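Reader: Please take me through one part of this model closely, starting with a sheet and its strands. Then carry on to whatever else deserves a look.

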Amino acid sequence: MADEMEVRYIPGTIEPKWQAIWAANPALYAAEPASGPNASTKPKYYVLEMLPYPSGQLHMGHVRNYAIGDALARYMGMQGYNVLHPMGWDAFGLPAENAALKNNTPPRQWTLQNIAAMKRQMQRLGLAYDWANEVTTCLPDYYRWNQWFFLRMYERGLAYRKQSKVNWCNLCATVLANEQVIDGCCWRHEDTPVELRNLEQWFYRITAYAQELLDGLDHLPGWPEKVRTMQRNWIGRSEGTEVDFGVEDFPEEKIRVFTTRVDTIFGATSVQLAPEHPLVEKLIAGNSALADAVAAMLDEQKRAREAGDLGAVEKQGIALGSYATNPYSGERVPIWVANYVLMEYGTGAIMSVPAHDERDFEFAVKYGLEIRKVIEPIIKSVKTDESVALPFISEDGLLVNSGTYDGLSCETAQKKLQAVAAAAGFGEAKITFRLRDWGVSRQRYWGTPIPMVNCPEDGLVPVPDNQLPVLLPEQIEITQEGGSPLSRVSDFLHTTCPKCGGPARRETDTMDTFVDSSWYFYRYTDAQNSNAPFDPAVAKYWFPIDQYIGGVEHAILHLIYSRFWTKVMRDLRLIVNDEPATRLFTQGMVIKDGAKMSKSKGNVVSPDDMIARYGADATRMYSLFAAPPDRDLDWQEDGVAGISRFLSRVYRLVMRFAPIALVGAGKRREAAPAGVSLALLRKLHQTIAKITQDFSGRWHFNTTIAAIMELVNELFAAESSLATGEVSPAVVGELLRSLVLLLAPLAPFLSQELWAELGGKGEVFKQPWPVSDTALAREDEIEIPVQVNGKLRAVVRVPADADKAALEAAALSDAKVQEWLAGKTPVKVILVPGKLVNLVVK
């Protein structure tokens with residue numbers, strides 16, 4: 001038997017050894033085939049962490065994300081599932097261009113170098129990825145399918161081009177989607193205000209799926225409610241009525257407004273237009289004072305947008321001296337321009353009802369506009385009608401001052417007023433959404449070329465499928481001036497029209513990089529397919545993803561785009577699922593120096609440094625142990641050292657008693673263990689049950705690891721019994737082998753080393769997961785709290801199978817309980833078997 005003091009845990013020796021052995025087997029982590037003669041008979045399990053941008057180096061924030069997914073993938077494999085666990089690279093994007101400018105390194109070269117470095121880090125961490133399915137989105141074998149999807153969407157009217165006011169980041173020198181503007185600033189450059197520019201842009205018609213995207217959230221119970229709420233708010237469904245107000249000075253014009261409260265329309269005392277509403281120019285023509293005032297308002301509104309505080313700007317208006325006509329009452333109401341009315345939302349015009357809308361009330365008070373009550377509470381106050389506090393915004397009311405509609409409930413009036421508008425042709429019921437179409441044009445080089453050409457004869461012409469991919473030129477001068485760099489590459493720009501054969505110019509915008517990440521997980525299932533994005537039959541087997549893991553910061557961007565893309569592919573009959581993932585887990589951030597760990601903040605901790613000091617297993621396990629995975633983790637290097645010390649204890653324990661375990665290999669343990677053997681086996685099987693439960697849903701890996709630590713402590717406490725033979729070799733073997741299997745998803749290198757020392761064959765993570773013996777796990781005695789009048793007064797030990805009579809007797813005989821009873825007889829005894837006794841006395 002090895003002397004414990006002579007055995008040292010040296011991860012720097014153990015881990016590279018097993019890493020080399022595993023790397024020599026490329027199929028080690030491969031999933032079994034989905035079809036064919038060797039098709040898997042196991043249930044499938046697709047677990048996936050969001051793919052990273054190859055910025056150059058992993059940090060501990062990445063490690064936490066990947067350690068969660070890796071532990072789950074290994075566990076599900078041990079539970080008998082056919083596991084798909086791939087990895088790839090979200091490889092297009094702005095940082096590569098910035099690096100090219102800074103370091104004079106071509107984006108492709110910089111990106112591929114970073115991928116190689118990060119892949120080495122992942123392999124050194126022992127992450128169980130099937131690299132045969134690796135996806136790199138900047139390579140033509142991937143982005144050709146971005147282009148193929150674009151063409152399919154273009155054919156169906158889901159991809160289109162229009163002149164649009166777009167968000168522009170000066171640092172990125174490109175357009176941003178609405179979802180990429182955070183508090184008025186660029187999502188990548190958090191201190192850089194976004195400007196508005198008018199440009200010809202390509203869009204994906206995500207709004208065609210707005211209702212389905214909203215409804216689908218009700219069928220995603222495995223997604224965090226926070227994410228679903230964020231998406232509901234972003235989609236922003238509103239039910240209401242569109243109504244046309246006439247324009248007194250221009251009878252041929254109409255001002256269409258959208259309102260969710262058409263029941264209040266008799267209280268409309270003005271109509272307000274966005275400063276850029278097309279009618280404004282007509283109404284102010286020839287009036288330089290009005291023109292100057294509107295221009296100043298537009299400039300102020302633009303600055304507020306760029307600062308991200310448009311909602312907080314003081315409400316201002318300009319009376320135009322013109323009038324609109326209420327189509328229901330025929331009343332003339334003044335037309336104003338208001339700085340809080342936005343052209344891109346609704347119709348760019350509103351009817352202002354100050355008595356029943358807080359914003360309108362504030363505006364009317366400021367400018368002295370009439371405030372007319374048209375809704376009163378159903379149950380009147382004891383006060384007079386005039387004293388009802390305004391604005392009264394509840395829909396639980398009755399109409400007043402509304403002509404023939406007086407006395408109707410708000411709901412009834414809305415339906416009648418909608419019907420009248422529709423019959424008379426001046427309005428209709430309308431559902432609107434806050435969601436806007438996805439602007440995918442980017443004036444950058446490092447992205448997927450948009451497969452369209454501009455022909456003088458035929459206009460916009462799609463590139464034929466047989467000419468895909470439209471390749472990015474590899475050598476290119478990158479600047480941040482003059483629009484897309486591709487417009488200055490003559491060999492790329494000038495082409496022939498696929499339709500007429502004449503000279504034409506390629507589209508020089510590239511696609512938003514969120515296109516790449518909207519469908520990559522489907523490509524993982526069939527990554528080598530050169531004839532299609534993937535085989536629909538293979539995708540049908542694997543989808544939806546069983547568990548998707550990533551940051552909540554992607555709730556609006558990536559996650560809503562990928563849901564849209566899934567629905568488009570379903571309608572293309574490539575897939576049959578409606579949603580990409582059944583379950584979504586959003587892990588907490590890793591915090592260091594009070595801020596999220598990120599390269600841009602300069603507070604990253606490299607896993608390479610931690611591995612060099614403590615080993616990959618300790619590095620991974622710390623990220624799982626330091627906090628529940630859905631909570632933020634406050635980085636402490638001392639914690640990694642603590643996990644390393646624990647693994648060293650496990651190593652010493654197993655190495656010391658492995659020879660005894662080998663003696664008992666293949667032997668059945670005694671049928672009725674007793675004494676120390678029974679106590680240790682009970683603790684083992686309780687631990688198995690707890691960890692199995694943790695993996696099955698709670699995912700509190702911190703308590704999982706704590707349970708293993710408790711088991712190890714009990715084993716150390718029983719060292720003398722293990723060494724002297726009081727515990728049989730068969731039981732020692734069961735204890736140690738089960739301990740190693742429990743550690744396998746969390747510390748694969750150490751587990752593999754110890755598995756081999758215990759005589760185990762093959763990979764430890766290919767072994768069946770241990771099963772808890774419920775009879776062994778059950779305690780002989782349990783502790784029951786005893787309350788007197790609802791307050792805890794004692795704890796008694798009783799047999800685990802004690803009935804109510806035995807529980808009551810044990811409680812009443814306890815000395816502490818008798819003191820509190822003070823000779824009184826309980827008037828009521830409340831018994832919860834196995835849980836509680838409560839004695840009620842008077």
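Author: This is a predicted model. Start with the pairing of strand S33 and strand S34. The two run antiparallel, and 5 bridges join them. S34 covers residues 836–840. One pair can be picked out by name: Ile-830 has Asn-838 in S34 as its bridge partner.

Now widen the view to the sheet around that pair. The sheet is open and has 4 strands. Their order is S32-S31-S34-S33, and the pairing is mixed. Strand S32 (791–799) and strand S33 (828–832) stand at the edges. Each has a single partner strand, so one side of each is left without a neighbour in the sheet. From one strand to the next, the twist averages 20°.

A helix lies across this sheet. Helix H25, residues 804–813, lies across S31 (781–788), S32, S33 and S34. H25 runs at about 120° to S33.

A second open sheet has 3 strands. Here the order is S29-S28-S30, again with mixed pairing. Strand S29 (595–596) and strand S30 (633–634) are the edge strands, and each pairs on one side only. Strand S28, residues 590–592, is joined to S30 by 2 bridges, and these two strands run parallel. Within that pairing, Val-590 has Leu-633 in S30 as its bridge partner.

The loop between S28 and S29 holds Asp-593. The backbone there has a notable angle: phi of Asp-593 is near 55°, a positive value in a residue other than glycine. Is Asp-593 buried or exposed? Asp-593 has a relative accessible area of 66%. The cut-off for exposed is over 50%, so Asp-593 counts as exposed.

Arg-573 is another case. Its phi is near 65°, also positive in a residue other than glycine. Arg-573 sits in the loop between helix H15 (558–571) and strand S27 (584–586). The relative accessible area of Arg-573 is 75%, so this residue is exposed.

Next comes strand S14, residues 332–338. Of its 7 residues, 5 are buried, so S14 is largely enclosed by the rest of the structure. S14 has pairings in both senses. With S12 the sense is parallel, over 3 bridges. There, Gln-272 stands opposite Trp-336 in S14. With strand S13, residues 317–325, the sense is antiparallel, over 6 bridges. In that pairing, Tyr-323 stands opposite Pro-334 in S14. In general, strands of a sheet pair through backbone hydrogen bonds, in either the parallel or the antiparallel sense.

S13 and S14 also form a hairpin, with 6 residues between them. Gly-330 lies in the turn and has a positive phi of about 80°.

Strand S12 (270–273) leads on to His-277. This residue lies in the loop between S12 and helix H8 (278–283). Is His-277 buried or exposed? The relative accessibility of His-277 is 10%. Buried means under 20%, so His-277 counts as buried. Which residues does His-277 touch, leaving aside those up to four places away in sequence? They are Met-343, Thr-347, Gly-348 and Ala-349.

The surface offers a contrast in topic. Val-365, Ile-371 and Leu-390 form a nonpolar patch there. Together they have about 220 Å² of accessible area. Leu-390 is found in the loop between strand S16 (375–377) and strand S17 (397–399). With a relative accessible area of 31%, Leu-390 is partly exposed.

Leu-390 also takes part in a backbone feature. The peptide bond from Leu-390 to Pro-391 is cis, with omega near 5°. Pro-391 lies in the loop between S16 and S17. Another cis peptide bond joins Leu-468 and Pro-469, where omega is about 0°. Pro-469 is found in the loop between strand S22 (459–462) and helix H12 (490–493).

To return to the starting point: S33 is an edge strand with a single partner. S34 is joined to S33 by 5 bridges in the antiparallel sense. H25 lies across both of them, along with S31 and S32.

Key
Residues numbered from 1 in each chain as written. Predicted model: local features only at pLDDT ≥ 70, side-chain atom pairs only at ≥ 80, totals over all residues. Heavy atoms only, no water. Pairing = 2+ DSSP bridges. Axes fitted to C-alpha atoms, helices over the stretch in contact; angles between N-to-C directions. Contact = heavy atoms within 4.5 Å. Patch = residues over 30% accessible without salt bridge, like charges linked within 9 Å, V, L, I, M, F, W, Y side chains within 5 Å. Areas by Shrake-Rupley, 256 points an atom, 1.4 Å probe, with all protein chains shown as cover. Salt bridge = Lys/Arg side-chain N within 4 Å of Asp/Glu carboxyl O. Buried < 20%, exposed > 50% of the residue type's maximum accessible area, 1.4 Å probe, protein only.
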